[in-house]
Amino acid sequence: MMCFSCGNCQVQDSTYFCLMKNDFVTRESSIRVVEKVRSGWKKGDTEYEQHRRKTRKVVEVE
């Protein structure tokens, strides 16, 4: 089959839809693996414990 010259493959995105293949294409060279950063409330942290106690008091009052 011939290319339809839609221009999707010229866009610098990591994935695009190819009309000729009728499928999504993923560029392997532009894929980056990013580890998830686990931040936020952690059990045992003093701020976590204070926040937990405050929210429990609000729930008990209601």
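Strands β1 (residues 15–18) and β2 (residues 23–26) run antiparallel and are joined by four bridges in this predicted model. Together the two strands form a hairpin, with four residues between them. One residue of the turn, N22, has a positive phi of about 55 degrees. Across the pairing, Y16 of β1 stands opposite V25 in β2.

The side chains of β1 alternate along the strand. Y16 and C18 point to one face and are buried, whereas T15 and F17 point to the other face and are not buried.

F17 takes part in an aromatic pair with F24. The two rings are arranged edge-to-face, at 5.1 Å centre to centre and with 70 degrees between their planes. The arrangement is called edge-to-face because the angle between the planes is over 60 degrees. The chain has one aromatic pair by this criterion. Of its two members, F17 counts as partly exposed because its relative accessibility is 28%, which lies between the limits of 20% and 50%. F24 has a relative accessible area of 58% and is therefore exposed, the limit being over 50%.

The wider chain may now be considered. It contains one helix and two strands, and these follow the pattern β-β-α along the sequence. Of the 62 residues, 6% count as buried. Among contacts between residues at least 6 apart in sequence, 0% join residues at least 24 apart. The accessible surface of the chain comes to about 6,300 Å², and carbon and sulfur atoms account for 52% of this area.

Note on methods. Residues numbered from 1 in each chain as written. Predicted model: local features only at pLDDT ≥ 70, side-chain atom pairs only at ≥ 80, totals over all residues. Heavy atoms only, no water. Buried < 20%, exposed > 50% of the residue type's maximum accessible area, 1.4 Å probe, protein only. Pairing = 2+ DSSP bridges. Contact = heavy atoms within 4.5 Å. Areas by Shrake-Rupley, 256 points an atom, 1.4 Å probe, with all protein chains shown as cover. Phe/Tyr/Trp six-rings, centres within 6.5 Å; stacked < 30°, edge-to-face > 60°.
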